Each structure stands twice: as C-alpha cells, then as structure tokens.
Amino acid sequence: MRNIFNIIENILGSLCVIYYILVRIFCGDIVSLWIWLVIGIALLLKSTACILAREYAGTGIKKVVKLLSDIYDAAFGLFLASFICFLVFVISGMTEKHTDIQLEGCDVCLILGAAVYDETPSPILEKRIDTAYKFLKENENAFAVCTGGIGSKASVSEAECIKRELVKKGISSDRLIIEDKSGTTAENMRFSLKLIPFEYDTIAVITSGFHVSRAKLILSGLTNAHVIGIPSPGGGALLPHYIFREYVVFAVDVICGRYSLFV
C-alpha cells in the first residue's frame with residue numbers, strides 16, 4: 001500500500017512541477033505561481049524519503065523518517081479534505097444561475113476589478129466586463145459600481161478601465177460609479193457600498209466564476225441586502241492556479257477570523 005502511495009505522490013509531484021514549467025513558459029510570471037513548484041518538490045521529496053527509509057530498514061534513520069512521514073501524511077490528509085470541501089464551495093459559485101425575474105429585481109451590481117496592462121483589460125477582466133455589459137443591457141434601470149485601484153502594470157485604475165470599456169459598448173456613464181481606492185476584494189466591497197446613493201434590497205457581484213463564492217461570502221457580511229453572484233467565464237489553463245490561490249486566501253481569512261463560514 002505504501003508503494004502505491006509513493007507512486008501517486010511521484011505522479012502528483014511531477015504534474016505540479018510540469019504545470020509550473022508550462023505556465024511559466026506560455027503565460028509568463030504569474031502571481032504566486034511558485035506554489036506549484038514548492039508542492040511538487042515536497043511531494044517528490046516525501047516519496048524519495050520513504051524509499052530511503054526502506055533502504056535503511058532497522059536503523060534509527062527509518063524511525064525518524066517514519067515519524068516525519070506520519071506527520072506529513074496527517075497534514076496532507078487535512079489539506080486534501082479541506083481542499084475538496086472548498087472545491088465544492090467554489091463550484092457552487094461557478095455554476096450559480098438566476099432567473100430573469102431575480103435579476104430584474106437587482107438595482108445595483110459590483111463589478112470586481114482584475115489586472116490591467118497599461119490601459120488594456122486582462123483577459124480575466126475582459127470577461128467580467130462582458131458579463132457586466134450583458135447584465136446592464138438586460139436590466140436598463142440597474143446601476144453598477146466599477147471597482148479596483150491601480151496595479152503595478154497599469155496606467156489607469158481597474159475601475160476606470162471597466163467604466164471606459166462599458167461606455168464603449170454603449171452603457172451610459174451616468175449608470176456607472178467609480179471606486180478606485182481598493183486593493184483587495186474586501187476593500188472592493190466596503191468602499192463600494194459607501195458609494196451607492198440609494199436603498200436596495202438585492203445586490204449582485206460580478207466576478208470570475210472561481211471567485212464568486214468567496215466574494216458573496218464577504219459581501220453578505222457587509223450588507224443586509226440579498227446577495228447574488230453572477231459568474232463570468234475565464235481562467236483557461238490558469239484555472240487550477242486561480243482556484244488554489246483562492247483556497248489559500250480563504251484559509252488565511254478563516255484562520256484570521258476575517259469572516260464567518262456561516263454568514
């Protein structure tokens with residue numbers, strides 16, 4: 001059985017390293033991409049350590065390696081169980097759907113920003129803008145808050161970029177509110193809610209599918225209004241990376257008590 005686990009760890013470790021290399025080659029320097037390399041190396045080292053332990057059977061080295069292996073297995077099991085639960089949480093947001101009646105009752109939406117290169121929206125942000133345009137086109141009385149500050153590779157804020165693209169598509173600028181001071185998802189929410197000049201019963205958050213569930217959870221803790229998520233497509237080959245990054249951020253937020261799992 002241990003041999004089977006070692007084979008699985010070798011396969012997973014190799015896949016993580018290969019994924020890191022391919023993404024680095026074809027997509028460039030992606031934020032936090034190094035996580036895949038670290039995980040891959042850790043899995044390969046664990047498997048190698050178990051093989052060495054068998055070579056030194058009956059010695060003190062084997063006992064030490066076995067202890068470390070047991071600790072590793074427990075930690076990995078906890079991680080795997082929590083990640084599977086989180087994956088279900090993420091998929092629920094990615095597949096969220098609403099009826100036309102539900103959307104018609106929504107008077108305002110938050111469009112969450114993403115990377116901007118100079119003045120051009122990244123592919124992820126472009127998908128969010130397209131989804132927001134569809135919502136605003138179908139709900140002509142709705143307003144939108146365009147959110148996001150200025151990134152290191154941008155000459156305009158994410159919020160301004162979103163507004164410009166929507167105006168180009170034919171959405172009146174009078175329906176678009178700018179929130180360009182935020183740097184995190186939580187700040188997107190807090191700052192945006194202060195800018196909405198009217199009462200509302202339902203509020204939508206438009207973001208990438210992998211981000212919807214966490215965004216809804218944060219927003220639900222900041223408003224008494226009914227919160228709905230409108231997922232945009234996107235991610236492609238980077239989808240596994242984005243989901244894992246969401247998991248890390250979510251885990252840190254839960255540990256730090258920044259929001260409740262039961263909002």
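**Exercise 1. An ion pair across the sequence**

Task: Classify Lys-216 as buried, partly exposed or exposed, then identify its salt-bridge partner and say what the pair connects.

Solution.
Step 1. Lys-216 has a relative accessible area of 22%. Buried requires under 20% and exposed over 50%, so Lys-216 is partly exposed. This value, like the others here, is computed from a predicted model.
Step 2. The partner is Glu-96, and the closest N and O atoms of the two are 3.1 Å apart. That distance meets the 4 Å limit for a salt bridge.
Step 3. Glu-96 has a relative accessible area of 16%, which makes this residue buried.
Step 4. Glu-96 belongs to the loop between α3 (60–94) and α4 (100–104), whereas Lys-216 belongs to helix α8 (residues 209–220). The pair therefore ties together parts that are 120 residues apart in sequence.

**Exercise 2. The helix that holds Lys-216**

Task: Compare the span of α8 with its expected value and describe how far the helix is covered.

Solution.
Step 1. α8 has 12 residues, which at 1.5 Å a residue should span 16 Å. The expected span counts one less than the number of residues.
Step 2. The end C-alpha atoms of α8 are 17 Å apart, in agreement with the expectation.
Step 3. Of the 12 residues in α8, 10 are buried, so the helix is mostly covered. Among them are Gly-209, Phe-210, His-211, Arg-214 and Leu-219.

**Exercise 3. Salt bridges at short sequence separation**

Task: How many salt bridges does a search of the whole structure find? Examine the pairs Arg-164 with Glu-160 and Asp-180 with Lys-181.

Solution.
Step 1. The search of the whole structure gives 8 salt bridges.
Step 2. Arg-164 and Glu-160 form one, with a distance of 3.2 Å from N to O. They are 4 residues apart in helix α6 (residues 158–168), so about one helical turn separates them.
Step 3. Arg-164 is partly exposed at 34% relative accessible area, and Glu-160 is partly exposed at 26%.
Step 4. This bridge is part of a network of salt bridges that links Glu-119, Glu-160 and Arg-164.
Step 5. Asp-180 and Lys-181 also form a salt bridge, with their closest N and O atoms 4.0 Å apart. Asp-180 is partly exposed at 32%, while Lys-181 is exposed at 67%.

**Exercise 4. Helix α5 and the largest core**

Task: Determine how the buried residues of α5 are arranged around its axis and relate the helix to the largest nonpolar core.

Solution.
Step 1. The 16 residues of α5 should span 22 Å, and its end C-alpha atoms are 23 Å apart, which agrees.
Step 2. The buried residues of α5 are Ile-124, Leu-125, Arg-128, Ile-129, Thr-131, Ala-132, Phe-135 and Leu-136. Viewed down the helix axis they fall within an arc of 165°, so they line one face.
Step 3. The face turned away from the buried side carries the exposed residues Pro-123 and Lys-134.
Step 4. The largest nonpolar core has 46 residues, and Cys-109, Ile-111, Phe-135, Leu-136 and Leu-166 touch the most other members. Helix α5 (residues 123–138) supplies the largest share of this core, 6 residues.
Step 5. Beyond its neighbours within four places in sequence, Cys-109 is in contact with residues including Phe-135, Leu-136, Phe-143 and Ile-206.
Step 6. A second, separate core has 16 residues, including Tyr-200, Ile-203, Leu-219 and Ala-225.

**Exercise 5. Aromatic pairs**

Task: Classify the ring pairs Phe-86 with Phe-89 and Phe-244 with Tyr-247, and place them in a wider cluster.

Solution.
Step 1. A search of the whole structure finds 14 aromatic pairs.
Step 2. The ring centres of Phe-86 and Phe-89 are 5.9 Å apart and their planes are at 50°, so this pair is tilted. The two residues are 3 apart in helix α3, separated by about one helical turn.
Step 3. Phe-86 is buried at 4% relative accessible area, whereas Phe-89 is partly exposed at 25%.
Step 4. Phe-244 and Tyr-247 also form a tilted pair, with 6.0 Å between centres and 35° between planes. Both are buried, and they are 3 residues apart in helix α9 (residues 239–255).
Step 5. Ring pairs link these four residues with Tyr-19, Trp-36, Phe-79, Phe-83 and Phe-250 into a cluster.

Note on methods
Residues are numbered from 1 along each chain as its sequence is written. This is a predicted model: local features need pLDDT of at least 70, side-chain atom pairs count only at pLDDT 80 or more; totals for chains, interfaces and linings use all residues. Side-chain values use heavy atoms; hydrogens and water are left out. A nonpolar core is a set of buried Ala, Val, Leu, Ile, Met, Phe, Trp, Tyr and Cys residues joined through side-chain atoms within 4.5 Å. Buried means under 20% relative accessible area, exposed over 50%, partly exposed in between (1.4 Å probe, protein chains only). Contact means heavy atoms within 4.5 Å. A salt bridge is a side-chain nitrogen of Lys or Arg within 4 Å of a carboxyl oxygen of Asp or Glu. The arc is that of the directions from the helix axis to the C-beta atoms. Rings of Phe, Tyr and Trp (its six-membered ring) pair if their centres lie within 6.5 Å; planes under 30 degrees apart count as stacked, over 60 as edge-to-face and the rest as tilted.
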